[in-house]
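Q: Please take a close look at one part of this model, the sheet and what packs around it. I would like a connected account of how the strands are arranged and what lies against them.

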Amino acid sequence: MQRERRIKHESKVKIRWVVLLIILILGFTTFIIFHEAQKPMATARRQTIQIATKYADLKSTATFYSSNLDRTYYSVAGKTNKNRAVYVIVAKKGGAVTVLDQHSGITANRARQLISQEKRPKKINNVGLTMINHKPYWTVSYINGHDNLCFATLSFKNGAIKKLIENI
């Protein structure tokens, strides 16, 4: 009788250890997959900051942006060694670099506000700087009230909507 209880107890303990081991393996695997998925963007951020530091003489960076409509652009907001607030936009292909004075246009937060007021999105996914015909624009991707993906391109200078792609 006692032997039967001991065997049942030992099998329950073994099952618990197996379940715990499976949970740990699944957790570790999820962490590795997530970490590997983030690597390309972390590399892009690091390289963009290096290029921006070289071309714009940045002493600090505050925010990293990415934009991918027709072409991919990465950008950073930061301050130069002369305490000038700038945006540095770097094209993924070709590596063209554009340096903009932050005070010469609207901010990312202002672009968010303009889209929120105009389109009333459920969620804003991303805001990023891009170049179109050698002019800077903010791109805003968002989810509208019908749960459709939308993109808005706003003028960096004044926030006017240049292009709107809705209900994708």
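A: In this predicted model, β5 and β6 form an antiparallel pair joined over 9 bridges. Within that pairing, Ile124 stands opposite Tyr142 of β6. The loop between β5 and β6 contains Asn133. The phi of Asn133 is positive, near 50 degrees, and the residue is not a glycine. Most residues other than glycine have a negative phi. Asn133 counts as exposed, at 65% relative accessibility.

The pair belongs to an open sheet of 4 strands, in the order β5-β6-β7-β8, with antiparallel pairing. The edges are held by β5 and β8 (161-165); each has a single partner strand, so one side of each has no neighbour in the sheet. From one strand to the next, the twist averages 20 degrees.

A helix packs on this sheet. α2 lies across β5, β6, β7 and β8, and runs at about 50 degrees to β6. The loop between α2 and β5 holds Arg120. Arg120 is not a glycine, yet its phi is positive, about 50 degrees. Its relative accessible area is 63%, which makes Arg120 exposed, as exposed means over 50%.

The side chains of these elements also meet in a core. The largest nonpolar core has 23 residues, and those with the most contacts inside it are Tyr87, Ala111, Val127, Trp138, Val140, Tyr142 and Leu154. Two or more residues of this core come from each of β2 (72-80), β3 (85-91), α2 (108-119), β5 (123-132), β6 (135-143) and β7 (149-155). Tyr142, the residue opposite Ile124, is thus listed among those with the most contacts inside the largest core. A second core of 10 residues is separate from this one and includes Ala56, Leu58, Val86 and Val88.

One further part can be described from the record. In the unreviewed UniProt entry, residues 15-34 carry the annotation "transmembrane region". In the model this span is 100% helix and 0% strand, and its end C-alpha atoms lie 29 Å apart.

To return to the sheet: β5 is an edge strand with a single partner, it pairs with β6 over 9 bridges, and α2 lies across both of them as well as β7 and β8.

Methods. Residues numbered from 1 in each chain as written. Predicted model: local features only at pLDDT ≥ 70, side-chain atom pairs only at ≥ 80, totals over all residues. Heavy atoms only, no water. Core = buried A, V, L, I, M, F, W, Y, C linked by side-chain atoms within 4.5 Å. Buried < 20%, exposed > 50% of the residue type's maximum accessible area, 1.4 Å probe, protein only. UniProt positions renumbered as here; feature names shortened; annotations may be inferred. Pairing = 2+ DSSP bridges. Axes fitted to C-alpha atoms, helices over the stretch in contact; angles between N-to-C directions. Contact = heavy atoms within 4.5 Å.
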